[in-house]
Amino acid sequence: MSYIDGFVLAVPTANKDKFIKHANEGDSIIMEFGALRVVECWGDDVPEGKLTDFFRSVKAEKDETVVFSWIEWPDKATRDAGMKKMMEDPRMSPENNPMPFDGKRLIYGGFVPIVELNKK
C-alpha cells in the first residue's frame, strides 16, 4: 500500500519563481530516494473559512500564497528510508537549497491511504 507525505506552507507571493526552483531541486532528490510522485500546488482558489482554513493553518500573511504539496511513496518503509537519506544529503542543506519561505510555519504529516479511486 502506498504512503503519502502531505505539506501545507505559506510562500511569499513574490518568491514563486524561487519556490519553483527550490522544489525542482529538492523534488528530484526525493524521487531519487524512492518517491513515486511529487506534486507542488500553488494556491489558486483557496477560500477563507469562518473557523479555520489553509491560511490560518500556516499563519499566512496577506503577501503570501498557500502551497499544498504531497509526496507519494510505494510504502512507509521506502518513505522512512528515503526521508532519512534526504535529511542527510548535503544537496538538501539550507546552504545548498535555501527555503524561500518560513519553514517554521510549514505543517506536514505522513498518511496511510484508506480510500483511493482511479479512472484508468
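**View 1. Four strands line up in an open, antiparallel sheet.** In this predicted model, four strands form an open sheet in the order 2-3-1-4, with antiparallel pairing. The edges belong to strand 2 (37–42) and strand 4 (107–111), and each of these pairs on one side only. Going from one strand to the next, the twist averages 15°. As a general reminder, strands of a sheet pair through backbone hydrogen bonds, in either a parallel or an antiparallel way.

**View 2. The whole chain, for orientation.** Before zooming in further, it helps to know the parts: the chain has three helices and four strands. Starting at the N terminus, these elements follow one another as β-α-β-α-β-α-β. The C-alpha trace spans about 40 × 40 × 25 Å along its principal axes. A compact globule of 120 residues would have a radius of gyration near 14 Å, and the chain, with 15 Å, agrees with that. Of contacts between residues at least 6 apart in sequence, 83% join residues at least 24 apart. The chain exposes about 8,200 Å², with carbon and sulfur atoms supplying 58% of this area, and 34% of its 120 residues count as buried.

**View 3. Strand 3 meets strand 2 and strand 1.** Which way do strand 2 and strand 3 run relative to each other, and how many bridges join them? They run antiparallel, and six bridges join strand 2 to strand 3 (residues 64–73). Look for R37, whose bridge partner in strand 3 is E72, and for V38, which stands opposite I71 in strand 3. Strand 3 also pairs with strand 1, again in the antiparallel sense, over ten bridges. Here L9 has V67 of strand 3 as its bridge partner. Strand 3 is mostly covered, with seven of its ten residues buried.

**View 4. Helix 1 rests across three strands.** Helix 1 (residues 16–32) lies across strand 1 (3–12), strand 2 and strand 3. Its direction is at about 165° to that of strand 2.

**View 5. A nonpolar core gathers residues from helices and strands.** In soluble globular proteins, nonpolar side chains tend to be buried together. The largest nonpolar core here has 16 residues. Those with the most contacts inside this core are L9, V11, F19, I30, I71 and W73. Strand 1, helix 1, strand 3 and helix 3 (76–88) each supply at least two residues of the core. Two of the residues named here also appear in View 3: L9, the bridge partner of V67, and I71, which V38 stands opposite.

**View 6. W73 and its surroundings.** What does W73 touch, once its neighbours within four places in sequence are left aside? Its contacts include S2, Y3 and D5, then I30, F33, G34, A35 and L36. Further along the chain, W73 is also in contact with T78, R79, G82 and M83. I30 is, like W73, among the residues with the most contacts inside the largest nonpolar core.

**View 7. K59, a loop residue with a positive phi.** Where does K59 sit? It is found in the loop between helix 2 (54–57) and strand 3. Although K59 is not a glycine, its phi is positive, at about 50°. Is this residue buried or exposed? K59 is exposed, because its relative accessible area is 61%, and exposed here means over 50%.

Note on methods. Residues numbered from 1 in each chain as written. Predicted model: local features only at pLDDT ≥ 70, side-chain atom pairs only at ≥ 80, totals over all residues. Heavy atoms only, no water. Pairing = 2+ DSSP bridges. Axes fitted to C-alpha atoms, helices over the stretch in contact; angles between N-to-C directions. Contact = heavy atoms within 4.5 Å. Rg over C-alpha atoms; globule rule 2.2 N^0.38 Å. Buried < 20%, exposed > 50% of the residue type's maximum accessible area, 1.4 Å probe, protein only. Areas by Shrake-Rupley, 256 points an atom, 1.4 Å probe, with all protein chains shown as cover. Core = buried A, V, L, I, M, F, W, Y, C linked by side-chain atoms within 4.5 Å.
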